[in-house]
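Student: I should like to take a close look at one part of this protein, together with the contacts and charged pairs that connect that part to the rest of the chain. Please give one connected account.

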Amino acid sequence: MALTSSSSSSAITALLKPHLQLSNEPIISFSPSFFTLSSKPLLSSSKPNVKINFFSSQTAVSLKWRTEASIFSGLFTKSKDIKTLKDELFDAIAPLDRGAEAGPEDQQRVDQIALKLEALNEIKEPLKSNLLNGKWELLYTTSQSLLQTKRPKFLRPNGKIYQTINVDTLRAQNMETWPFFNQATANLVPINARRVAVKFDYFRIVGLIPIKSPGSGRGQLEITYLDEELRISRGNRENLFILKMVDPSYRVPL
């Protein structure tokens, strides 16, 4: 006799029923939106469903990886931008004789590059950073008191000019070389984490004759960019100073 589909199903169910009633093993069920692991028995059970959303777990890991990758990519891009801007800055100031040969367009170009670097500055409290310690060579400035462009060239500072800073003692020293070898030392009084009042106490003519400051030798200096090789500062008279590190171990003499 042929079996109908309903009678066939009934027969199969009757044969498997004892086994199905004993089965309580977890099974994997598939859903369009996520995979779940279910401990639901094949037949009725009083135990609650337990579901683990694999998709959510994988998404969390993926999002974490993307976030970390994005941060790394951002840091790499920022570092690349800083290097490019520094190279551009060094190229711009190289022919300007420390600023003495800079025209208005040159000054504007240098200032614009400096502003871009200042916007990427990572040292937010330079007066607390050991990167500030040591001897720095002045590469460029707009300060006429240093450039002395109204004097004949042979009466200007023609050699290198250095500035040394001790972060721990808040002392600074300016040093000219050829032809005058003048020096000046000063106390630095913090105004905030990046700006100091500069109070000169002694000057040395030709590096030998000490002269006590009359008290009028004062100013302010803000450190707007700092890393291991470059420092950008701005004075209270809107003068720009760009310096490179030459000796991180040098100290201002007591």
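Tutor: A salt bridge is taken here as a side-chain nitrogen of Lys or Arg within 4 Å of a carboxyl oxygen of Asp or Glu. By this rule the structure, which is a predicted model, contains 10 salt bridges. The part chosen for the close look is strand 9, with the elements around it.

The setting comes first. The protein has 254 residues, of which 32% count as buried, and its secondary structure amounts to four helices and 11 strands. Among contacts between residues at least 6 apart in sequence, 50% join residues at least 24 apart.

Strand 9 covers residues 218–226 and is mostly covered, seven of its nine residues being buried. It runs antiparallel to strand 7 (residues 195–205), to which five bridges join it. One of the pairings here places Arg-195 opposite its bridge partner Glu-222 in strand 9. Five bridges also join strand 9 to strand 10, again in an antiparallel arrangement. Strands 9 and 10 form a hairpin with three residues between them, and Tyr-225 stands opposite Ile-232 of strand 10.

The charged pairs can now be placed on this frame. Glu-222 forms a salt bridge with Arg-194, the closest N and O atoms lying 2.8 Å apart. This pair links distant parts of the chain, since Arg-194 is in the loop between strand 6 (183–190) and strand 7, whereas Glu-222 is in strand 9, 28 residues apart. Glu-222 is buried, with a relative accessible area of 17%, while Arg-194, at 28% relative accessibility, counts as partly exposed.

At the turn of the hairpin, the side chains of Glu-229 and Lys-86 meet in a salt bridge (2.6 Å, N to O). Because Lys-86 lies in helix 2 and Glu-229 in the loop between strand 9 and strand 10, the pair ties together parts that are 143 residues apart in sequence. Lys-86 is buried at a relative accessible area of 7%, but Glu-229 is partly exposed at 37%.

Strand 10 has a charged link of its own: Arg-234 forms a salt bridge with Glu-118, with 2.8 Å between the closest N and O atoms. Glu-118 lies in helix 3 and Arg-234 in strand 10, so this pair ties together parts that are 116 residues apart in sequence. Glu-118 is buried at 15% relative accessibility, and Arg-234 counts as buried at 18%.

The nonpolar residues complete the picture. Ile-232, the partner of Tyr-225, belongs to the largest nonpolar core, which has 19 residues; it is one of the six that touch the most other members, along with Leu-89, Val-110, Leu-117, Tyr-140 and Ile-242. Helix 2 (54–93), helix 3 (104–119), strand 3 (134–141), strand 10 (230–235) and strand 11 (240–247) each supply at least two residues of this core, with the largest share, five residues, coming from helix 2. Leaving aside neighbours within four places in sequence, Val-110 is in contact with Leu-89, Ala-92, Ile-93, Leu-96, Tyr-140, Leu-240 and Ile-242. A second, separate core of 18 residues includes Val-167, Ala-186, Phe-241 and Leu-243.

Technical notes. Residues are numbered from 1 along each chain as its sequence is written. This is a predicted model: local features need pLDDT of at least 70, side-chain atom pairs count only at pLDDT 80 or more; totals for chains, interfaces and linings use all residues. Side-chain values use heavy atoms; hydrogens and water are left out. A nonpolar core is a set of buried Ala, Val, Leu, Ile, Met, Phe, Trp, Tyr and Cys residues joined through side-chain atoms within 4.5 Å. Buried means under 20% relative accessible area, exposed over 50%, partly exposed in between (1.4 Å probe, protein chains only). Contact means heavy atoms within 4.5 Å. Two strands pair if DSSP finds at least two bridges between them.
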